[in-house]
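Morning, everyone. Please bring up the model on your screens, and keep the sequence beside it.

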Amino acid sequence: MSTATFTDLLRKPKEVLAHIDEGQVRITRRDGDDLVILRGHDLAVLEKGVALSSG
């Protein structure tokens with residue numbers, strides 16, 4: 001998982017989002033919880049795993 005600051009995301013979004021092909025990108029924020037950016041396919045896989053484990 002790559003990590004960038006929220007400021008990095010605002011100033012150079014193309015550079016930060018270029019790492020999405022490597023996996024999730026954690027966005028750290030000084031005044032709040034971290035954010036995680038991931039591809040829709042990765043989210044679907046996670047949701048399917050949760051559904052299978054809780055069913």
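Start with one pair: T5 stands opposite T28 in β2. This is a predicted model, so local features need pLDDT of at least 70 and side-chain atom pairs count only at pLDDT 80 or more, while totals for chains, interfaces and linings use all residues. Residues are numbered from 1 along each chain as its sequence is written, and side-chain values use heavy atoms, with hydrogens and water left out.

Now stay on T28. It lies in strand β2. A word on names: helices (H or I, at least four residues) and strands (E, at least two) are DSSP runs, numbered from the N terminus. Is T28 buried or exposed? Neither: T28 is partly exposed, because its relative accessible area is 27%. Buried means under 20%, exposed means over 50%, and partly exposed is in between, with a 1.4 Å probe and protein chains only.

What does T28 touch? Not counting residues up to four places away in sequence, T28 touches T3, A4, T5, F6 and D34. Contact here means heavy atoms within 4.5 Å. Take T3: T28 and T3 are 25 residues apart in sequence, yet 7.3 Å apart in space, C-alpha to C-alpha.

Next, the strands. β1 covers residues 2-5, and β2 covers residues 25-28. The two pair in the parallel sense over four bridges. Two strands pair if DSSP finds at least two bridges between them. One bridge partner to find is V25 in β2, which goes with S2.

Zoom out to the sheet. It is open, has three strands in the order β1-β2-β3, and its pairing is mixed. β1 and β3 (35-37) are the edge strands, each pairing on one side only. From one strand to the next, the twist averages 30°. Axes are lines fitted to C-alpha atoms, for helices over the stretch in contact, and angles run from 0 to 180 degrees between N-to-C directions.

Look at the two faces of β1. S2 and A4 make the covered face, T3 and T5 the uncovered one. In a regular strand the side chains alternate between the two faces of the sheet.

S2 is buried, because its relative accessible area is 15%. Leaving aside neighbours within four places in sequence, S2 is in contact with H19, E22, Q24, V25 and R26.

Last stop: F6. It is found in helix α1, residues 6-11. F6 is partly exposed, with a relative accessible area of 33%.
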